[in-house]
Amino acid sequence: MNKTWHPKNEQRNVVLKPIHKVTITDILIWGFLAAVVLAGLFAWARQFFVTGLSATGLNRPVYWGLYITNFVFFIGLAHSGTFISAILRIAGQGWRKPLTRAAEAITLFSLPFGVTSILIDMGRPDRALNIFFFGRFQSPLLWDITAVSLYLFSSVVFFYLSLLPDLALCRDQLTDVPAWQHRMYEILALGWEGNHGQFERLERALDGMAVFMTMLVVTVHTVVSWVFGMTIQPGWHTALIGPFFLLGAIFSGTAAVVIVLAILRKVYHMEETLPVSLFNSLRKLLITFTLGWLYMMIAENMTTSYGNLPDEMRVLGQKTGGDFAIFFWAMWVLVFFVPLLIFIFKGKNNIGWMVTAAILVNIGMWIERFIVIVPTETRPRLLYEITKGVYHPTLTEWVITAALFAGLFLLYAMFTRFFPIIPLWETGESLEVGESRNENAGFLPQQLGDTSGMKGK
Amino acid sequence: MGSLNRRDFLKVSAAAAATGFVLEGIPYLAGNQTVSAAGVAQDIKTSSNDVIVPGACSLCPSGCGILARVADGKVVKLEGNPMHPVNSGSLCPKGQASPELLYNPDRLNGPQKLKGERGSGQWETISWDEAIKTVADKLNALRSAGTPEKLVFMVGDPRGQLLPLFERFMQAFGSPNFVRNESLNVAAAKLGVYLTQGVYDLPVYDLENSRYILSFGANMLEAGPNPQRSISGLSYSRRGRATRSKVVMIDPRQGITGTKADEWITIKPGTDAALALGIMNVIIRASLFDADFVHNYAFGFEDFSDDNGMHHIGFINHVLENYDPAHVEKITGVPASTIARLAGEFASNAPAVAILPGRGGLLNGSIGGVYAAMAIHMLNALVGSLDHPGGVLTQRYFGTTAWPDLPADDLTVKSLATERVDGAGTVFPLARNAYQAVADRVLGGQAVEALFLYDANPIFDAPGGKRFVEAFKKIPFIVSFTTLADETAQYADLILPEATFLERWQDDDIRGFGYPGVALRQPAIDPRLDSRNSGDVILQIAQTMGDVMSAAFPWKTFEEVIQFRLKDLGVDWKTFQELGVWLIPGYRYADRGGQHWVNEVVGRDRRHAPRDGRFDFYSREMFALFGTMERDKLASFGITQNGDAINLPHYEVSAPAGDMAQFPLRLNVITLMSLGPVSAAANMPTLQEISGMTVGEHWNSWLEMNPSTAAKLGLTDKDQVWIESPFGKLQTKMRTVRALREDVVNLPYNQGHTALGRFAKGRGVNGLDILNPASEPASGLAIFTNTNVKVYRA
Amino acid sequence: MTQWSMVIDLDKCVACQGCSIACRFENNTAPATPEQAAIGRSMFWNEVFPMLDEANDYAQPRYIPRPCMHCENPPCIKVCPVGATYQDEEGIVHQNYARCIGCRLCTVGCPYTVRYFNWTQAEWETPLAEHLNPDRVESSGLLEGPAPRPRGVVEKCTYCIHRLQKARAQAVAEGRDFRADDYVPACVQTCTGKARFFGDLDDPNSTVSQFSKKRRAFRLLEETGAKPKTIYLQEG
Ligand SMILES: Nc1nc2c(c(=O)[nH]1)N[C@H]1C(S)=C(S)[C@@H](COP(=O)(O)OP(=O)(O)OC[C@H]3O[C@@H](n4cnc5c(=O)[nH]c(N)nc54)[C@H](O)[C@@H]3O)O[C@H]1N2
Ligand SMILES: Nc1nc2c(c(=O)[nH]1)N[C@H]1C(S)=C(S)[C@@H](COP(=O)(O)OP(=O)(O)OC[C@H]3O[C@@H](n4cnc5c(=O)[nH]c(N)nc54)[C@H](O)[C@@H]3O)O[C@H]1N2
Ligand code: SF4
Ligand code: SF4
Ligand code: SF4
Ligand code: SF4
Ligand code: SF4
Ligand SMILES: [Mo]
């Protein structure tokens with residue numbers, strides 16, 4: 001067994017503890033989630049083989065419903081990781097370090113569900129490859145597919161790279177785990193040695209990728225919004241839709257991080273590793289996003305109502321006073337009023353309140369996705385009695401939706417049982433100078449000043 | 001800038017090129033993928049054997065010419081026959097959808113004999129021979145018993161030679177009880193023309209040449225006695241010529257005809273007579289009428305003295321005295337100023353026509369409907385539009401070869417002279433048919449031993465038709481000739497499935513232009529399943545009966561009958577088959593009074609009418625019937641006037657069924673283009689699917705109500721409501737419609753079937769179930785438009 | 001180059017829906033069950049409807065028969081990821097059922113709500129399928145026209161592309177040049193009000209191009225910039 005060098009980390013035992021054993025509770029929870037996933041798989045299989053999309057509540061003109069809502073939501077959720085580890089990395093926010101992996105894992109696991117949502121929504125998923133055979137770059141859907149796959153690919157790389165030293169650590173330290181698990185670490189660690197050069201290259205790669213990922217983050221969610229924005233449908237056809245989606249994505253992603261952190265903290269007793277101060281930092285961000293969201297909301301809806309274009313007003317009317325009024329105002333309460341109040345008055349040093357607000361925000365953001373997509377479809381430009389749309393999602397759609405979320409939770413939960421969810425090497429202490437001169441020793445943070453000048457260590 | 005070295009230059013031009021590429025690229029990126037259209041023509045694949053068979057639609061009285069595309073033995077598409085003048089290549093949605101009738105999954109396969117109770121729905125399939133023998137035996141038994149008049153034949157709309165064939169059958173058999181369904185529809189309009197002009201037929205309107213078209217509830221674009229004819233006429237009068245006609249629709253609701261008209265005038269239901277008379281009042285006062293016509297070709301315009309020296313009030317004084325616009329406004333709700341304007345427009349835009357509805361508001365339960373028809377028709381006479389281009393013409397028909405004389409037979413002569421089962425001509429003195437009255441008469445004791453139904457579904461299509469179920473219990477033998485097992489057939493003992501119009505031989509008169517024409521139905525494919533042409537079946541029954549009957553019907557098939565009757569058409573049978581139509585176009589508008597005019601325009605019917613071909617502003621026919629009647633007797637016919645006014649068109653109040661305090665809304669059962677009154681349409685899925693286009697409903701009934709009425713009743717759009725009349729109640733969905741009087745609610749017809757087939761059964765409600773089931777006492781007309789209802793949340 | 005175009009004169013149209021039904025029978029669009037119809041899954045490539053005028057709430061509805069506009073600049077084509085919908089040189093916007101992946105981006109992209117998705121497998125109760133039009137436009141990787149569509153793909157009015165192809169083939173068979181008036185779509189042929197006209201917009205003498213320049217001519221949603229080639233003439 002090749003013992004390699006790792007930065008010293010006092011939390012090591014705490015962080016590695018969950019990995020030692022899978023508890024009964026875990027099995028029960030996984031079992032439940034797996035059951036939901038299976039139900040979803042069954043529903044999807046039925047939709048695929050038997051009913052087609054007639055199993056949904058979709059119709060003309062409401063051609064898109066829950067599935068596309070989920071797609072947008074999952075892609076949005078995926079912005080958490082990239083935001084925390086890429087954008088904050090560039091911004092040199094050192095406090096983000098303990099969060100990075102937990103956040104990136106959200107990205108990593110939501111993205112496939114976003115992609116799956118598209119497949120589920122396709123009339124002919126069996127022809128999905130046509131996109132590669134006959135792809136036309138004029139289509140926003142192709143931009144989407146390109147951006148999302150690129151995003152998925154780089155997220156995997158980014159995530160994996162930053163996992164490497166910790167995989168090696170697991171390989172080296174976890175001798176009491178089942179053989180297959182150990183073998184897995186061995187393979188995945190790719191023979192990481194932890195020498196100085198490796199760490200340096202790793203940091204440089206991550207820095208470089210962070211810039212790239214940041215660009216992708218902006219692109220991906222803008223492009224997702226353009227699937228809507230590039231049509232001339234009222235309510236969608238606005239230049240604001242890109243930034244709006246982006247902000248929403250980062251908002252819900254960040255809120256999701258709060259939830260995940262709180263759970264990890266509680267379940268895995270990581271109170272010290274994940275101190276309350278982290279929540280306070282996130283709180284500041286979230287306050288900013290809440291206000292940003294308000295700003296976007298006002299900008300968009302004021303423009304619409306002052307313009308008073310009949311087509312646009314019909315859609316706005318659907319939201320403010322029509323079929324979707326309940327959702328629209330619920331969204332305001334869930335995304336804005338209550339969370340803002342909580343963040344400002346209750347959230348400081350109070351994880352419970354923060355989580356409450358974060359959950360509300362995420363429910364609200366899901367509703368927001370729905371509200372952006374469906375009301376527009378119910379009031380198309382060429383309006384008459386039969387194109388006045390209504391949409392009642394069916395059980396199939398709900399089951400599949402539930403399965404997607406269950407799948408995300410399941411993957412996440414399982415991941416935390418087999419891999420260190422806190423990046424041990426990144427949060428580790430810097431080494432003694434003497435040791436660091438050792439060829440074998442890795443991490444020399446203070447010497448990386450030129451490549452990471454922006455980092456606020 | 002100065003020195004731009006080579007390196008820089010390259011950079012700049014590369015940038016420019018890049019920019020150029022991007023700019024060039026933008027339209028490509030944002031643009032479209034195009035492919036060449038040439039060369040794709042090889043991709044077409046089609047059937048191996050394609051033939052076109054001409055025919056004629058029978059889903060409404062228009063009888064449009066069709067060309068059926070038969071691909072590999074299947075009828076796959078219908079087009080309009082461009083040779084047929086009524087539709088000249090067009091086909092309405094019903095015509096287009098008729099392959100769904102041909103290939104209807106609910107068609108009957110072979111004659112069905114009742115097993116068990118009537119209405120139990122238990123049938124057994126028997127052979128045609130057995131079925132025909134059963135009928136023949138039954139009929140022979142009736143004749144042996146000396147009571148052939150106890151056979152009743154109720155028909156919907158037998159077309160072409162089928163009608164005289166049926167009539168001849170009844171005549172040879174010896175029953176006067178051949179009952180057509182016109183009392184449900186066009187009899188009022190026909191009476192209006194008959195009592196003024198002496199022709200018992202629907203008038204023909206030369207819409208192509210009219211400048212001003214005033215419709216009194218004639219729903220020309222959705223229904224009307226010849227919808228395709230009125231549609232193409234209106235279409236032409238608007239955009240087919242140099243000046244565009246003006247169309248005015250008078251109707252309590254706007255409907256599509258009112259929407260597409262230049263003006264929609266809302267009227268209080270049942271008051272059309274007053275409105276027409278008010279308009280005439282203004283025209284007369286302004287001396288805008290056609291003096292030549294009213295004085296030289298009409299009767300009773302001025303006061304006159306009869307042969308006995310009695311003084312009679314003429315039309316002019318009658319109208320001037322009673323119908324000034326201010327008074328008419330009170331009756332009709334149409335402002336006096338509008339009445340005056342309409343009068344001015346109508347009289348000064350010759351040629352103008354006032355259009356009689358197929359039913360419209362005429363079947364309003366009082367003889368007022370007949371007077372209304374007379375008054376509306378008189379408007380045309382008053383401005384000289386009668387027998388005039390752009391005005392009203394008389395339909396002429398091809399002469400047909402006379403039937404061979406019927407063998408003289410004492411029994412027949414005797415039984416033919418008995419009173420008609422429906423009371424037409426006796427109980428209902430003005431009536432020729434009183435279809436819906438058959439139920440009451442049978443329940444009242446008229447003995448009927450056998451009933452034939454052809455294209456007739458009285459349980460469903462007569463107001464209060466459910467009474468037929470009771471009446472049928474007194475009739476031991478009922479035979480239904482029908483394509484689909486409708487509500488009435490459910491109570492028959494024998495159903496003889498008829499081949500659809502795409503599978504059978506039949507001729508059909510071309511109506512609506514004045515000149516004579518005939519269209520031909522021919523089998524595009526052999527009859528599907530085990531169905532037969534009812535014409536053939538009637539012949540087979542006669543032949544099986546033997547004796548006088550087989551002697552009277554020497555033809556083997558109905559096709560032979562057509563060939564015999566249309567021998568002198570002037571076209572050989574083969575050409576006729578190829579063309580699908582034969583006609584003599586070019587109505588000759590001869591100088592009024594000339595020999596041509598008498599021969600061609602006035603026509604046979606009118607010259608033979610009791611009155612010398614003159615147009616009656618004072619109805620001599622009415623005088624003969626009612627002139628000497630006691631007041632009480634008159635009152636029993638709903639005539640409140642006395643003296644000359646009886647014979648002059650006037651407004652009679654028709655008391656609605658259901659008093660206003662309790663039932664404040666008038667129920668208006670309306671006809672849809674998509675479904676129409678033809679039952680079969682309700683079992684054609686595509687027609688069900690498009691039925692409620694105007695309100696976005698389908699496969700269902702709905703009740704139309706003005707939103708302010710709804711608000712008053714505390715109802716909102718799409719509420720489920722009860723519609724209750726003194727005769728029953730129905731539940732359906734309410735839809736608000738602005739363009740409708742506040743005191744009227746509309747219920748589209750032809751839903752609420754309880755039989756017929758899978759697509760029709762159990763959808764919506766039938767308004768007729770809660771209509772006044774009575775008959776109008778003088779004319780025997782059914783009552784469609786004066787039942788009041790209340791509406792409340794279900 | 002021929003540019004196929006349709007003109008619909010609303011002054012002559014009587015909102016009969018004959019066009020809708022002619023199209024259904026010519027192009028084999030399947031009837032929807034009452035349940036499917038009730039949730040907006042009816043398929044009429046040509047639809048007739050009262051245009052919503054909220055200002056007066058149907059007080060004077062305006063009935064519009066609406067086939068595909070065959071836009072000069074079709075928003076539907078721009079967004080299709082696989083080129084399953086495309087325009088030919090003669091301006092007809094095609095739909096290839098063999099390639100469509102059913103993403104429905106075009107359906108939400110079309111401002112006229114003209115595109116229909118096959119939610120279910122098209123079904124006709126036996127023996128109603130007997131009346132299906134046998135014509136089909138088909139070659140490798142291509143399926144268009146009246147050919148029954150598989151579930152999960154989008155379809156729409158094709159200006160009766162198969163009729164055009166048959167007319168072309170006919171002209172070839174007869175050894176003569178194809179003329180614009182050799183071909184007319186089913187809805188135009190059946191129109192009860194004789195309100196529909198069809199022809200070559202590029203030919204200045206054709207009826208459609210003459211009509212397109214009339215004072216009464218307008219296009220639906222002109223503001224969208226899609227430049228429809230289905231043109232309307234106003235009432236009155
Ligand atoms: N598409 C289609 N057309 C058809 C048929 C079909 O099946 N389908 N059937 C044919 C047959 S059999 C017939 S008899 C005719 C019937 O033809 P019409 O009589 O023209 O048709 P309806 O729609 O019954 O009635 C016409 C209008 O009268 C209005 N109305 C009701 N009461 C009054 C009133 O008191 N005064 C006035 N002025 N208007 C009133 C109604 O609102 C309605 O709009 O249609 C024929 N045409
Ligand atoms: N409230 C209300 N009531 C109405 C009307 C209305 O508009 N509103 N319309 C009235 C009017 S105007 C009329 S004309 C009547 C219509 O009444 P009817 O003339 O009785 O017409 P249907 O009900 O269509 O026809 C009766 C049966 O004929 C069958 N049939 C169809 N095609 C054929 C065929 O080719 N041959 C044979 N033998 N049978 C066939 C059908 O299956 C149907 O069951 O209804 C009247 N009743
Ligand atoms: S108008 Fe009447 S006859 Fe003509 S196609 Fe329509 S239903 Fe048939
Ligand atoms: S109307 Fe719609 S489907 Fe037709 S070409 Fe235009 S955008 Fe495409
Ligand atoms: S549904 Fe079909 S035609 Fe429409 S955009 Fe997607 S692949 Fe293209
Ligand atoms: S042009 Fe052809 S495909 Fe288009 S609506 Fe008309 S009939 Fe249908
Ligand atoms: S067929 Fe002609 S008249 Fe009828 S709705 Fe269509 S366009 Fe209008
Ligand atoms: Mo009728």
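The dialogue below treats the ligand sites, a pocket and the cavities of a predicted model.

Reader: On what conventions do the values rest?

Author: This is a predicted model, in which local features need pLDDT of at least 70, side-chain atom pairs count only at pLDDT 80 or more, and totals for chains, interfaces and linings use all residues. Residues are numbered from 1 along each chain as its sequence is written, chains are lettered from A and ligands numbered from 1 in the order in which they are written, and side-chain values use heavy atoms, with hydrogens and water left out.

Reader: How is the shell around a ligand read, and which residues of the shell around ligand 1 are the closest?

Author: A residue is near a molecule if one of its heavy atoms lies within 4 Å of it. Ligand 1 is surrounded by 33 residues, the closest being B:Gly224, B:Asp251, B:Asp272, B:Arg359 and B:Pro677. By class (Ala, Val, Leu, Ile, Met, Phe, Trp, Tyr, Cys and Pro count as nonpolar, Asp, Glu, Lys and Arg as charged, and the others, Gly among them, as polar), this shell has 15 nonpolar, 12 polar and six charged residues.

Reader: Why does ligand 1 lie between two domains?

Author: Domain bounds come from an automatic or database domain assignment. Domain 3 (187-396 + 591-647) and domain 4 (665-793) of chain B both give residues to the shell, so ligand 1 lies between them.

Reader: Which polar contacts does ligand 1 make with B:Arg253 and B:Gly270?

Author: A polar contact here is a pair of N or O atoms within 3.5 Å. An N or O atom in the side chain of B:Arg253 is 3.0 Å from an oxygen atom of ligand 1, while B:Gly270 places a backbone N or O atom 2.6 Å from an oxygen atom of the ligand. A nitrogen atom of ligand 1 lies 3.4 Å from a backbone N or O atom of B:Met673. Taken alone, ligand 1 exposes 900 Å² (Shrake-Rupley method, 1.4 Å probe), and the protein buries 95% of that.

Reader: What surrounds ligand 5 and ligand 7?

Author: The shell around ligand 5 includes C:Cys80, C:Cys100, C:Cys103 and C:Cys106; its classes are nine nonpolar, two polar and one charged. Ligand 7 has 13 residues around it, the closest being C:Cys13, C:Val14, C:Cys16, C:Cys19 and C:Cys191. Of the residues around ligand 7, eight are nonpolar, four polar and one charged.

Reader: How is empty space located, and what volume has the largest cavity?

Author: Rolling a probe the size of a water molecule over the atoms shows where empty space is left. On a 1 Å grid over the protein atoms alone, a cavity is a set of points where a 1.4 Å probe fits but cannot get out, a pocket is an open set with protein on both sides within 12 Å along at least five of seven lines, and lining residues have an atom within 4 Å of a point. The largest cavity has a volume (the space filled by probe spheres set on the points, which are joined across faces, edges and corners) of about 310 Å³. Among its 27 lining residues, the closest to the centre are B:Gly255, B:Ile256, B:Thr694, B:Glu704 and C:Tyr63. Domain 3 and domain 4 of chain B each supply at least three residues of this lining.

Reader: Which residues lie closest to the centre of the second largest pocket?

Author: That pocket holds about 860 Å³ of space. Its lining has 27 residues, and A:Ile259, A:Val260, A:Ile263, A:Phe409 and A:Tyr412 are the closest to its centre. The lining comprises 21 nonpolar, four polar and two charged residues.

Note on methods: Polar contact = N/O pair within 3.5 Å; in protein donor to acceptor, adjacent residues only side chain to side chain.
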